[in-house]
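Open the model in your viewer and keep the selection panel at hand. The stops below can be taken in order.

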Amino acid sequence: TKVAAAEPFGELVGRVREVCLGAYQHQEVPFEKLVEELALGRSLAHAPLYQVAFLFVNAPESYPLPGIETTSFQTNPGTAKVDLTLAVTDTSDRLLCILEYNTDLFDTSTAERLSSHFVTLLREIAADMDKPVGDLRVLPEGERRRLLRDFNDTSRSYPGDLSIHQLFARQARNAPASVALEDEGGRLTYAELDSRSNQLAQYLQRLGVGPESRVAVMLKRSPELVVALLAVLKAGGAYVPLDPEYPRERLAFMLEDSEAHVLITDSALSGLAGDADVRIVRLDAEREQLEIERDEAPHATVSPDNLAYVMYTSGSTGRPKGVAVTHRNVVRLVFGQTYAEFGPGEVFLLLAPVCFDASTFELWGSLLHGARLALMGAEALSLDDLSQALERHGVTTLWLTAGLFQQMVEHKVEGIKGVRQLLTGGDIVSPAHAARFLRECGGRLINGYGPTEATTFTCCHPITEAEAVAGPVPIGRPVANARVYILDGGMRPVPLGARGELYIGGDGLARGYANSPALTAERFVPAPFSAEPGARLYRTGDICRYLPDGRVEFGGRRDGQVKLRGFRIELGEIEAAIAAHPSVREAAVLVRAEEPGGERFLVCYAVPRSPQATDAGELRAYLAGRLPDYMLPQRYVFLPELPLTANGKVDRDALPAPDDASLARTGVYEEPQEGLETALAHIWGDVLQVERVGANDNFFELGGHSLLAMQVVSRVRELLHVELPLRAFFEAPTLNALASVISYIGSRQSEGKT
Ligand code: ADP
């Protein structure tokens, strides 16, 4: 039965009736014959041919016979024949309904809910046969209230009337001598951080920075970076974090799109700004002027609804989009919450790049509570570096993306033993690794979920017992002052247990996309269940369902947005960049893995305008000038045309698996030399899943990235007994160059020993 939401129920019944009457004409066909003809194949997973049955029995239940009393014969309720059967018997004054279900699949409570949905639906239909099918309610009032209200009973008080920098200043006043920042180079107390950021804020104000003005910040992770972010807020403005590793074209776009008129950077990086129309502040070159600024906070009339930052995330239209976040959005993330403990006793680690919103939690979760914020070094980090930093600084509260968490648990679990509160997420968290962490490290593990558009965390699921991890790790319940709704295509709540799209409301909801009212209107929609005028919900595109106790389980995406190693990527943005290459006619991008659960990578499928118009190496180099590293496909397949489905869309399932020919080699293949090079080629081949690695192959062109480099480092340690720094991959990215580095380090190590 094809059900169209707009069709009146009466018409639907009419159609179904015709189909059934047609089918009854063939009711003598044996069931076995049907199964055989359809050749569906047998599966142990479900009953053959159909899993759900509806029986309507309208013969009288008993025939009155003179002198004989009759009762109906009850079949033994031992086993269900199919997954679910609803049998309805028409007794003259009522309908007797029996729901039979497979207890391997359904709990009693689920079956009871299904029955109550059916009854609600019947009532609705009885009240109005001509209602469009999509408007018929299935949720009884009680369940609806539970889903919409009880599960969202999250209001808690928090200082929502104060701005981020006011809350920081309060800490600086209360405990000026406490350590605010700590890195390898030293420490900065709250008083020092306060006065240095005040000086820069004074300077920025004189450059015209005030409420709503955007100030781009492009600095490596360092105390100066934190000073700059705080100074922008103190001056009344909003920061726009820029990653100096991004291609220039992307940086230029972000500078222009964010309407930043000041850029804070240093002399080494300032060249990256090109000829952008901004006032560039070079912290090193302008130190003398800065040091004579007054060190008290400048006056700025900032309200909690003023902009605090604009953070860019991948956009499906081919351009990144800037999420505009306010002070209140941030303050509600770190006050009034129970998902983690905040306070002066905690030590956080600034590990996330400040262009990603996990940094919001790290920066302001620590600095607004008088805690210490340790800074991870700015250079590429290995699992060893990370565990050393955790130990050195005594980190108690840590955020790791799901991928890095998995790596740490697998290769360096002792490194995270001391962390009391470990938050992970940003992507599906592996249950096996979660359980192992809890078994071996104790502590508290929190699965954190949330898009940038709702300010870092929307739902959290804390777990302390390994036994509590059975199956997928839920994303939990909405955090304080967040609300979530799981809705169908018509924005109606789906029943508990059914899948729908997650919508987010509450005080974490960003203002929208900077400079993009149309996109904002598309994703930030009017809230249907709110009494508050103007309330909105953010459509996440995430498919979720409620578990019976109200926790939420994540179940994938409904669009082309993917997560790879914690990076949020719109495949459409990469496709647009490839299609912009002059020799490419059409393109599609997929995420694939060699085997289920294996390493996932991006594959580019391109249709060249003419044969040999471009090749993998050239196309990759072109994209590297436009996209950040994490968005570069690892494989390139050229096709004469893209396969299409019957309705003219790209048939993604029909795109072929890539082979070694799809590698973005820039040179020709060259046999590695016997000995060290061959040994290293084997390690690369295994880690990169490439059959033949050549002597002049480049690690990154073959699809390598920092997490894979970490794996090479540990294999080199095991097999070749050499401690290779991760940095070596960036300095010597080709196989023969890296082999030379290994040989050099190896000889130094043995000299050291003798
Ligand atoms: P974050 O940096 O907090 O991960 P992004 O805006 O980069 O935020 O990405 C948000 C998307 O990432 C979500 O819409 C969802 O698809 C995915 N995601 C985030 N957290 C989780 C999680 N704990 N489990 C599964 N998916 C998640």
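This tour of a predicted model visits a sheet, a helix beside that sheet, and some cysteines.

**Stop 1: the sheet.** Select residues 52-57, which are strand 1, and residues 94-101, which are strand 3. Add residues 84-91 for strand 2. Together the three strands make an open sheet, ordered 1-2-3, with mixed pairing. Strands 1 and 3 are the edge strands, each pairing on one side only. Ignoring direction, neighbouring strands here are turned by 15° against each other on average.

**Stop 2: strand 1 against strand 2.** Zoom in on this pair. Strand 1 and strand 2 run parallel and are joined by six bridges. In general, the strands of a sheet pair through backbone hydrogen bonds, either parallel or antiparallel. Which residue of strand 2 stands opposite Phe54? Show side chains and find Leu86 there.

**Stop 3: the helix.** Now select residues 108-127, helix 3. Helix 3 lies across strands 2 and 3, and its direction is at about 150° to that of strand 3.

**Stop 4: the cysteines.** Show the sulfur atoms of Cys441, Cys459 and Cys460. How many disulfides are there? The count is zero, where a disulfide would need two cysteine sulfurs within 2.5 Å. For Cys441, the nearest cysteine sulfur belongs to Cys460 and is 20 Å away. Why is Cys460 not bonded to Cys459? The closest cysteine sulfur to that of Cys460 is in Cys459, and at 7.6 Å the two are too far apart for a bond.

Finally, check the surroundings of two of these residues. Cys441 is buried, at 13% relative accessible area; Cys460 is also buried, at 6%.

Definitions and conventions: Residues are numbered from 1 along each chain as its sequence is written. This is a predicted model: local features need pLDDT of at least 70, side-chain atom pairs count only at pLDDT 80 or more; totals for chains, interfaces and linings use all residues. Side-chain values use heavy atoms; hydrogens and water are left out. Buried means under 20% relative accessible area, exposed over 50%, partly exposed in between (1.4 Å probe, protein chains only). Two strands pair if DSSP finds at least two bridges between them. Helices (H or I, at least four residues) and strands (E, at least two) are DSSP runs, numbered from the N terminus. Axes are lines fitted to C-alpha atoms, for helices over the stretch in contact, and angles run from 0 to 180 degrees between N-to-C directions. Contact means heavy atoms within 4.5 Å.
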